[in-house]
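Here is a friendly walk through one protein chain, with a few stops at individual residues and strands. Please keep the viewer open as you read.

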Amino acid sequence: MFITIKITQCLTNVYHNLLSMLPYAGCKFAVSRVYNNWFSMSWSSQKTQAHDVSETEQTILFSSQSSHPSLQYSPNPNLSPCLYQCTATLKGNSFYVSSLTVDGDSLYIASSDGHIRLWPLDMAMDAQRAELSSSTVAVTNSSIKCVIATGNGLVSSHQDGKIRVWHAPRRNGSCGHLALRAVLPTAVDCLRTFLFPGNYVEVRRHRKRTWVHHVDAVTALALSPDGAEMYSVSWDRSLKVWRLPSLRCAQSVSAAHGDALNAVAVSADGHVFTGSADGTVKAWRRGPGQRKLALVGTMERHKAAVNALAVGVGGTVLYSGACDRSVVVWEYCAGGGMAAAAATLRGHTKAVLCLAAAGDVVCSGSADRTVRVWRRGAAEAGYTCLAVLDGHAGAVKSLALVRKSGGDHDDGPCDGCCSAAHVCSGSLDCDVKIWRVTISCLRVP
């Protein structure tokens, strides 16, 4: 069994490297489909063989080697030691976990088999009750790439190029099964673009579709700060803008990058950032009096495909993670100035696959099977790696971060209080782990 797991991990690494080198989104789609099918069958077989192995033995067997420190550590009088522990491991997924999102006190888990499961966070953090509290709230026939919460439901993006909008009816204070509200593009969008030849764009040789369609896997979604718009990116290299709650496609940038798009994030002042397999991050924004997004800058620092983006520190800092094993910190002027690389966080030994940020804390998940927790120091103190969360048996594919403080100081410095960050990590080993990280807040002189 141990040899089988090693082979699985090697092929997983080859898969991620191959995706970053393939020049065409269509090739990525084919490789991803073959890999997803193989990986699901492989891990299902391994889990059956390991049924009688205790969880402690599995943790020892699968634990990855510790990474080297990311930054040269220097004692900082403004920071106190960080305490962390894995409070629960949520099992029961037959396929790998592709995306996580938190909506209030609920943790939604999307997997590559097209299922969405729900765990109440208070029960998910209790190891003894975690297994009994899960429920499948939605089932689709396409692998899920991303899921986000909208306040009154969820939106999921899929391998088949579709975006599904879900409504979450609440009965007796609890959330039941999700109701499918719409599939994007809607029938109205399809009809209004169907009749006019000018609405068609060439997506492949001798094949055209209307501009409201994604023609490859939709890899990431993001909401505008006011919740009035949603942004989607795809392996077809396009960036699309959707109006909410009408669900109308308002704009499509057909060739936003030179290669497949893997990530999208939105800042508090309206900048839209996209990350691509071409190794660049691009910034988009509407100018005064303009109705459509326009390119305002291209940020180049990574040496390989960009896989993840996240915005933190009150929406003023952008983080990007890539296959070059680094997380780049970009700081930009809210007035529209070009973002500049302020720091590079190193320590992962393999590709960075996902990011999550809240306040001055950012978490990075990697193909090296670890999650690193970073903290932004005061003034010029830079970043410190507070913890390396190690315990998954496969690459960490998705993260969710819930920040709770002892006071009401989630995004700013506070005087001597402590905050508890709950980190939820989903992996290719089909498990979700809940980590509790206790962080002392910056002490204001």
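## A nonpolar patch at the surface

F194, L195 and F196 together make a nonpolar surface patch of about 370 Å². Keep in mind that this is a predicted model.

One member of that patch, L195, sits in the loop that runs between α6 (187–194) and β12 (200–204). Is L195 buried or exposed? Its relative accessibility is 63%, so L195 counts as exposed, the cut-off for that class being over 50%.

## The chain as a whole

Stepping back, the protein chain contains six helices and 32 strands. Of its 445 residues, 56% are buried. The chain exposes about 19,500 Å², and carbon and sulfur atoms supply 54% of that area.

The contacts can be viewed by sequence distance too. Among contacts in the chain with a separation of 6 or more, 51% join residues that are 24 or more positions apart.

## Strand β19 and its two partners

Now to β19, which spans residues 272–276. How many of its five residues are buried? The count is five of five, and the strand is mostly covered. In a regular strand the side chains alternate between the two faces of the sheet. For β19, V272, T274 and S276 belong to one side, while F273 and G275 belong to the other. These residues are all buried, so both faces of the strand are covered.

β19 pairs with a strand before it and with another after it in the numbering. Strand β18 (residues 261–266) pairs with β19 in the antiparallel sense over five bridges, and here V266 stands opposite V272. The two strands form a hairpin with five residues between them, and G270 in the turn has a positive phi of about 100 degrees.

On the other side of the pairing list is strand β20 (residues 280–285), again antiparallel to β19, with four bridges. T274 has K282 of β20 as its bridge partner. This hairpin has three residues between the strands, and G279 takes a positive phi near 85 degrees.

## T219, a threonine in a strand

T219 belongs to strand β14 (residues 218–223). Its relative accessibility is 10%, and because buried means under 20%, T219 counts as buried. Which backbone oxygen does the side chain of T219 reach? It is the one of L261, at 2.7 Å. L261 is also part of the residue range of β18 (261–266).

Setting aside neighbours within four places in sequence, T219 is in contact with K145, C146, S157, V233, S234, W235, L261 and N262.

## T140, a threonine in a loop

T140 lies in the loop between β5 (135–139) and β6 (144–149). With a relative accessibility of 11%, T140 counts as buried because that value is under the 20% cut-off.

Where do the polar contacts of the T140 side chain lead? One polar atom of this side chain lies 2.9 Å from the backbone oxygen of G114. For the backbone oxygen of S142, the distance to a polar atom of the T140 side chain is 3.1 Å. Not counting residues up to four places away in sequence, T140 touches D113, G114, H158, R164 and W166. G114 therefore appears both as a touching residue and as a polar partner through its backbone oxygen.

Definitions and conventions
Residues numbered from 1 in each chain as written. Predicted model: local features only at pLDDT ≥ 70, side-chain atom pairs only at ≥ 80, totals over all residues. Heavy atoms only, no water. Buried < 20%, exposed > 50% of the residue type's maximum accessible area, 1.4 Å probe, protein only. Polar contact = N/O pair within 3.5 Å; in protein donor to acceptor, adjacent residues only side chain to side chain. Contact = heavy atoms within 4.5 Å. Patch = residues over 30% accessible without salt bridge, like charges linked within 9 Å, V, L, I, M, F, W, Y side chains within 5 Å. Areas by Shrake-Rupley, 256 points an atom, 1.4 Å probe, with all protein chains shown as cover. Salt bridge = Lys/Arg side-chain N within 4 Å of Asp/Glu carboxyl O. Pairing = 2+ DSSP bridges.
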